[in-house]
Each structure stands twice: as C-alpha cells, then as structure tokens.
Amino acid sequence: MSDAVLTERRGAIAVLTINRPKTLNALDVPTLGALDAAFAAVEADPSVRVIVFTGAGDKSFVAGGDIADMNKRQGLAHYVEFAEVIHRVFRRIETCDKPTIAAVNGWALGGGTELMLSIDVRFLADTARVGLPEIKLGLFPGAGGTQRILRQVPLCRAKELMFAGEHIDAATAVSIGLANRVVPKDKLMAETLAYAESVAEKSPLILKLMKRVLLAGAEMPLAAALQHEQAMASLVFDTKDAHEGCTAFVEKRKASFTGT
Ligand code: CAA
C-alpha cells in the first residue's frame, strides 16, 4: 500500500497527511490515487466523524500539482490522465457528507489552494502562504480552482490572485474569506483537533443534512433553495437527535447524539 497519504486516527477524527515532502507534497497521479483511496476509507468508516487534511514536513501543505508529472501530458492526455483524476478526487472531498478541515502547515499553492477550496473549514499556520501561481507556468487553475474561488471570495480578489499569481500570507487569506483562522504554527494541529472534536461530538446525521443543504442550495436559485432548506429542516425535526438536543437543553445537561 502506498505511503503517499498517511491516515492517523485521533478518536472520531481521521487525519490524512499528504506525504511527498521531497516535492513539498505536490500532487501527481499516484498521490491523487492514494488520496482518493485513503479518503474513501475514512469516508466509509462510520466511526470517523470528521476528516482533517494536512501536509507532511514543516514547510508545505501541498505545493500544487506535480509540475514535472503534469508536463508529461498535453491536450487530451492531460484532460483524461491528470485533470479528470484531480477533479474527481476534489469533488469527492467537496461533496462528502462528513465535515472536513484543512490544517494548512505551509505552502498551499495551485492545486494546494484548490484542495483547500474543496475542504469545508481551513486553519492556516501563521507561516502558511497560499496562492494560485498557475499563470506563471503559462497555465490557469484547472483543478476546480477558478470556479470554486469565485463562489467563495469576492470576484475582484479572486482575479487579483489569479492574474499575477502572487502568494499571499495567512492573515490576508483570512481577510478575503479564503480561510477561517490563522494559528501559531506550533499550535496548528492542537487547535485544529480541538475544533474537530467540538464538531465530532455533534450529530453526524444533522451535519450530513446541513452539508447537503449548503452544497445544493449554493447551486440553486434562492426561492428553490429556501424551499429545499425548509423541507430538510422539517425532516431534521423528525430525528431522535433533534429531540435529544432540545430535551438536553431543557434538562440542562449535555446532549448525547447518536446520529439517528
Ligand atoms: N511540482 C513538482 N515539484 C515541486 C513542486 C511542484 N508543484 N513544488 C516544489 N517542488 C519541488 C522542487 O522542484 C524541489 O525539488 P528538488 O529539490 O528536486 O529541486 C523541491 O520540491 C523543493 O522546492 P524548492 O527548492 O523550490 O523550495 P523553495 O522553498 O525554494 O520554494 C515554493 C518553495 C515557492 C513552493 C516553490 O517550490 C514553488 O514555487 N513551487 C511550485 C508551486 C506552483 O507553481 N504550484 C502550482 C503548480 S500547477 C497546479 O497546481 C495546477 C493544478 O491545477 C493542479
């Protein structure tokens, strides 16, 4: 089995570490395959409530697509051999029913930022640098980046990043809405896991339905999205977890959710 992606369990949390430090964790096709397999395993495991992503070593989260690997394929070959794989893996992560968190421990460039854009919540080490430098390679972001970023940050900010390909620091990434928090580097994993634990103790069923409402709603006209939310929220009221949460509040005790 490949060690390009390592899986570690911390209770109900699975930590996936992209592990190609010699290339600053750049993503080639085999690494994307390993990421897909590792992700599929934790996605299917009912004891995993939250999935955290990070990069091996202390310099980089993911430095992008592997430039040498991508350079081997052109035109249609690129489309089917690299682009198809990276799109499929990132979409799988984006549409996962379980909450996902990025612990960005250094460079997140190109495909690294595009991976971050597919992950729900993003904590950045104060040393992290993010960006979409593809233009410097004569490319543009092609792993879903152009479309996800314009739906997540103001368009002028997205264009500013993509046109010049400059790196931005963690505080700037947070200020434009590309990431959630800046954390001192030596506390990144502890703070990420503390947040992950607070999510993991919530109802996995409600989190799943909420994630579906957010994902589908973002792609719908507002009127339809509101109706969809109303229907799903009404379904939620029919769950044991809704009654447990409300009863626990009334009884002034901590709720214990079962995911039913
Ligand atoms: N692909 C392949 N190898 C990479 C890489 C990448 N994206 N990024 C870094 N590496 C390799 C370097 O070639 C180098 O290898 P050698 O030791 O064999 O020379 C090693 O990792 C260390 O890198 P540097 O010596 O360059 O480290 P640095 O600290 O001086 O610079 C950096 C760090 C600024 C991240 C720089 O490595 C860099 O600019 N990397 C490329 C970033 C980039 O352009 N990413 C976008 C790729 S395109 C993409 O992602 C498209 C897509 O849609 C998926």
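**Exercise 1. The shell around the ligand**

Which helices and strands each supply at least two residues of the shell around the ligand?

*Solution.* The structure is a predicted model. Step one is to list the contributing elements: helices α2 (67-71), α3 (75-94) and α4 (111-118), together with strand β6 (107-109), each supply at least two residues of the shell. Step two is to classify the residues of the shell, which divide into 12 nonpolar, 6 polar and 5 charged. Step three is to pick out those that come nearest: of the 23 residues around the ligand, these are Ala-63, Gly-65, Ile-67, Gly-111 and Glu-114.

**Exercise 2. Polar atoms beside the ligand**

Identify the atoms of Lys-59, Gly-65 and Glu-114 that lie beside oxygen atoms of the ligand, and state how much of the ligand the protein covers.

*Solution.* Begin with the side chains. A polar side-chain atom of Lys-59 is placed 3.0 Å from a ligand oxygen atom, and a polar side-chain atom of Glu-114 is placed 2.9 Å from a ligand oxygen atom. Turn next to the backbone: Gly-65 has a backbone N or O atom at 2.7 Å from an oxygen atom of the ligand. Finally, consider the surface: on its own the ligand has 980 Å² of accessible area, and the protein covers 62% of it.

**Exercise 3. The loop between β2 and α1**

Determine whether Leu-24, Asn-25 and Asp-28 are buried, partly exposed or exposed, and describe the surroundings of Asn-25 and Asp-28.

*Solution.* First, locate the residues. Leu-24 lies in the loop between β2 and α1, as do Asn-25 and Asp-28.

Second, compare each accessibility with the cut-offs, under 20% for buried and over 50% for exposed. Leu-24 has 27% relative accessibility and therefore counts as partly exposed. Asn-25, at 0%, is buried, and Asp-28 is buried because its relative accessible area is 11%. Leu-24 has a further feature: its phi is positive, at about 55°, although the residue is not a glycine.

Third, examine Asn-25. Its side chain reaches the backbone oxygen of Ser-60 at 2.9 Å. Beyond residues up to four places away in sequence, Asn-25 touches several others, among them Ile-18, Arg-20, Gly-55, Phe-61 and Ala-63.

Fourth, examine Asp-28. Its side chain makes a polar contact of 3.5 Å with the side chain of Arg-20, and a polar contact of 2.5 Å joins the side chains of Asp-28 and Thr-31. With neighbours within four places set aside, Asp-28 is in contact with Arg-20, Asp-66 and Asp-69.

**Exercise 4. Two helices and their buried residues**

What span do the end C-alpha atoms of α1 and of α9 have, and which residues of each helix are buried?

*Solution.* Start with α1 (29-44). Its 16 residues should span 22 Å at 1.5 Å a residue, and the end C-alpha atoms are 22 Å apart, so the two values agree. The buried residues of α1 are Thr-31, Leu-32, Ala-34, Leu-35, Asp-36, Ala-38, Phe-39 and Val-42. These buried residues pack against strands β1 (5-10), β2, β3 (50-55) and β5, and against helix α3.

Continue with α9, which comprises residues 204-218. Its 15 residues reach 21 Å from the first C-alpha to the last, close to the expected 21 Å. Leu-207, Leu-209, Lys-211, Val-213 and Gly-217 are the buried residues of α9. Their cover includes α3, β5 (100-104), α8 (188-200) and α10 (222-236). At the start of α9, a side-chain oxygen of Ser-203 comes to within 3.2 Å of the backbone nitrogen of Leu-205.

**Exercise 5. Buried or exposed?**

Decide whether Gly-131, Leu-76 and Lys-252 are buried or exposed, and give the location of each.

*Solution.* Gly-131 is found in strand β8 (residues 129-131). This residue is buried because its relative accessible area is 1%. Its C-alpha atom is separated by 6.6 Å from that of Gly-165, 34 residues apart along the chain. Outside its neighbours within four places, the contacts of Gly-131 include Ala-108, Leu-109, Thr-113 and Leu-161.

Leu-76 is in helix α3 and counts as exposed because its relative accessibility is 65%. The C-alpha atoms of Leu-76 and Leu-161, 85 residues apart along the chain, are separated by 27 Å.

Lys-252 belongs to the segment after α11 (240-250). With a relative accessible area of 77%, Lys-252 is exposed. Its phi, near 55°, is a positive value in a residue other than glycine.

Definitions and conventions. Residues numbered from 1 in each chain as written. Predicted model: local features only at pLDDT ≥ 70, side-chain atom pairs only at ≥ 80, totals over all residues. Heavy atoms only, no water. Near = heavy atom within 4 Å. Polar contact = N/O pair within 3.5 Å; in protein donor to acceptor, adjacent residues only side chain to side chain. Areas by Shrake-Rupley, 256 points an atom, 1.4 Å probe, with all protein chains shown as cover. Helix = DSSP H or I, 4+ residues; strand = E, 2+ residues; numbered from the N terminus. Nonpolar A, V, L, I, M, F, W, Y, C, P; charged D, E, K, R; others polar. Expected span 1.5 Å × (residues − 1). Buried < 20%, exposed > 50% of the residue type's maximum accessible area, 1.4 Å probe, protein only. Contact = heavy atoms within 4.5 Å.
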